[in-house]
Amino acid sequence: MTMETLEFQAEARQLLQLMVHSIYSNKDIFLRELISNASDALDKLRLAKLQDGLEADTSDLHIEIEVDAEARTLVVRDNGIGMTREEVVALIGTIAKSGTAELLSKLKEAKESPELIGQFGVGFYSTFMVADRVELVTRKAGTEGHGTRWESAGEGTFTIDDAPDAPIGTTVTLHLRPKDEDDALYDYTDEWKIKEIVKRYSDFISFPIRKGDEVLNSQKALWARPRSEVTDEEYHEFYKHISHDWTDPLEIINMKAEGTFEYEALLFIPSRAPHDLFQRDARRGLQLYVKRVFIMDDSRELIPDYLRFVKGVVDAADLSLNISREILQQDRHIQMIRRRLVKKVLSTIKDLLSSNPEKYATFWREFGRAVKEGLLAEPDNHKPILEIASFATTEGTEPTTLAAYVERMKEGQEEIYFLTGESRSQVENSPHMEAFREQGYEVLILTDPVDEIWVDVVPEFDGKKLRSIARGSVDLPKDEDKPEPEGDFGPLLGFLTEKLTEQVKEVRLSHRLTTSAACLVSDADDITPALEKMYRAMGQEGPRVKRILELNPGHPLVTGLRAAYERSADDAALPDTAELLYGTALLAEGGDLEDPARFAKLLADRLAQTV
């Protein structure tokens, strides 16, 4: 092929400009990113030989750094997997990542890019913070013919050409900008500076990083070293290397199992949720090593989906080096490791709850919604998950644990009350809350979409049944100060049940209302309207569930309606009033009217009669 001049993708051009104009105060990270890319390329070559039978020399996999102070160049070279011409264009010329535009916007505002730095195409762009021209020469292992040469000044275009004599692997050459310490731009040909960066960010890389005859990194696996011998800074840099996060982790978890099946694990709980936590195509899973040899990235078999935010490494001693994902799914040792990792993560979070409430609060705010998915996925772990869960409550503004709720339960109370909804304000203002608020009963406020589902599969906590205050009948203690309703409501209830037969299954008097005229209640075993709506959104059309309309016998509207019915059961206005009563109850809980225009007309006509 001949030389081509191509344009960067629009998002890539924006990112290049941000890089060129120094969005990072710490420009040293460019070398960390190049070394990380090189390390990944070496891992991929070794893995391709192990699993795919690629014919390649892996006897001396390494990374080289060369500097030329006079020419002001810095070279990072690896003898890893390399890239084809098409891969170079795809990985460097574009940013194929969902949410990139949003991240770029945040990056401009925050002057920091934890999510973007780390991918090859994106981490590679960090070179333009320190270089005004970058060259890349690469050749893919196992391919015939020539390599590829890429070059750009970071100004929106790049050239790409054949490189006939390129060796297997990738060489990146930076033509460095002049030193400018006022802008935190150091002399990156300085041997001391190179050593400092490698030691700080890349000491744990499992391949030798050479500069001349000297190896700059220790190559010690952090997970194999005693906790007392590793600094928090070393752990933090390792976390950033494997997670592509730019913030320090919230918690570090070390594990070591000995005996019939040996493995070591080093796990991290992040301090904030990634932007793609709830995207299906997001990266998740742990890195799998066997006897210090990298085997697999993003191994989902090692950690359940509801703990997908956990990052880290598992190093097993008794697995095959060429184990596949299919075999992993069935391997009993992997299943055993998975169970132990889950138990350790959940117990670590529980310890945070008691020992460091501030850290716990951060964790639950960032990841609680994901963790609650485990109540659906793993019934055996209901208890440990519920023990670390927190929920909004009518008692104050801070979330509460279920254990704390149970401690505060009123004498004689046997159930944990909750109400689901789209927002706290909607739940707090729901008519269903009235009697509970008046009698001082605490109610959990559940507003995450997953709450609508898990409450149906978790029967109890600590022997106390979980009970929706919007389902079934209410059996609160009788309020002695509240007078009994006078008169017989039976005929009115029968009339309303008949007139609203298309909308409700029953009309009855309520024990949960104190100020509202009416509310809608689901039968104890029926699904909620919100859950019904969720199923429809997923394309699962089921039979429409009718609900129960409850009336407040002490409300003037209800007593007036009874009196009107007793005066003239044939009054033509009564069916319209029944429809308005149902509609207001539906609106009060945030429901959707089937025919808003008809409801508005009925209401306007009724209001006109009062003027």
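Which residue takes a positive phi in the hairpin of strand 5 and strand 6? In this predicted model, the residue is Gly154, with a phi near 70 degrees, and four residues lie between the two strands of the hairpin. Strand 5 (residues 147-152) and strand 6 (residues 157-163) are joined by five bridges and run antiparallel. Within this pairing, Glu151 of strand 5 faces Thr159 of strand 6.

A look at the whole protein helps to place this hairpin. The protein contains 21 helices and 23 strands. Its radius of gyration is 32 Å, well over the 25 Å that the globule rule gives for 611 residues, so the protein is more spread out than a compact globule. Along the principal axes, the C-alpha atoms fill a box of roughly 105 × 60 × 50 Å. Of the 611 residues, 50% count as buried. Among the contacts with a separation of 6 or more, 71% come from residues 24 or more positions apart. The exposed surface amounts to about 29100 Å², and carbon and sulfur atoms supply 48% of that area.

The hairpin strands belong to an open sheet of nine strands with mixed pairing, in the order 1-6-5-4-7-3-2-8-9. Strand 1 (4-7) and strand 9 (214-215) stand at the edges of this sheet; each has a single partner strand, so one side of each is left without a neighbour in the sheet. Further in, strand 5 also pairs with strand 4, again in the antiparallel sense and over five bridges. Here Glu135 has Glu151 as its bridge partner in strand 5, and Glu151 is also the residue that stands opposite Thr159 in strand 6. Strand 4 (residues 131-139) and strand 7 (residues 169-176) run antiparallel to one another, with eight bridges between them. One of the pairs links Ala131 with Leu176 in strand 7.

Strand 7 also holds Thr170. This residue is buried, with a relative accessible area of 7%. Leaving aside residues up to four places away in sequence, Thr170 touches Val76, Arg77, Asp78, Gly82, Met83, Leu136, Val137 and Thr138. The C-alpha atom of Thr170 is separated by 50 Å from that of Glu387, which lies 217 residues apart from Thr170 along the chain.

Another buried position is found in a loop. Asp28 lies between helix 1 (10-20) and helix 2 (29-52), and its relative accessible area is 4%. Apart from residues up to four places away in sequence, the contacts of Asp28 are Tyr186, Tyr188, Lys193, Glu196, Ile197 and Tyr201.

Strand 14 offers a clear case of an enclosed strand. Six of the six residues of strand 14 (residues 311-316) are buried, so the strand is largely enclosed by the rest of the structure. In a regular strand, side chains alternate between the two faces of the sheet. In strand 14, Lys311, Val313 and Asp315 point one way, while Gly312, Val314 and Ala316 point the other way, and all are buried. Strand 11 (residues 263-269) pairs with strand 14 in the antiparallel sense over six bridges, with Ala265 bridged to Val314. Strand 12 (residues 286-290) pairs with strand 14 in the parallel sense over four bridges, and in this pairing Val290 has Ala316 as its bridge partner.

Later in the chain, two helices pack against each other. Helix 19 (residues 556-567) has 12 residues and reaches 16 Å from its first C-alpha to its last, close to the 16 Å expected at 1.5 Å a residue. The buried residues of helix 19 are Val558, Leu561, Arg562, Ala564 and Tyr565. These residues cover an arc of only 165 degrees around the axis, which puts them on the same side of helix 19. On the other side of the helix, Pro556, Glu566 and Arg567 are exposed. The buried residues of helix 19 pack against helix 17 (490-499), strand 23 (547-551) and helix 20 (573-588).

Helix 17 can be described in a similar way. Leu492, Leu493, Phe495 and Leu496 are buried in helix 17. Seen down the helix axis, the buried residues fall within an arc of 160 degrees, so they line one face of helix 17. These buried residues pack against strand 21 (504-509), strand 23, helix 19 and helix 20.

How values were computed
Residues are numbered from 1 along each chain as its sequence is written. This is a predicted model: local features need pLDDT of at least 70, side-chain atom pairs count only at pLDDT 80 or more; totals for chains, interfaces and linings use all residues. Side-chain values use heavy atoms; hydrogens and water are left out. Buried means under 20% relative accessible area, exposed over 50%, partly exposed in between (1.4 Å probe, protein chains only). Two strands pair if DSSP finds at least two bridges between them. The expected span of a helix is 1.5 Å times one less than its number of residues. The arc is that of the directions from the helix axis to the C-beta atoms. Contact means heavy atoms within 4.5 Å. The radius of gyration is taken over C-alpha atoms; the globule rule is 2.2 Å times the number of residues to the power 0.38. Accessible areas come from the Shrake-Rupley method with a 1.4 Å probe; for residues, only the protein chains shown count as cover.
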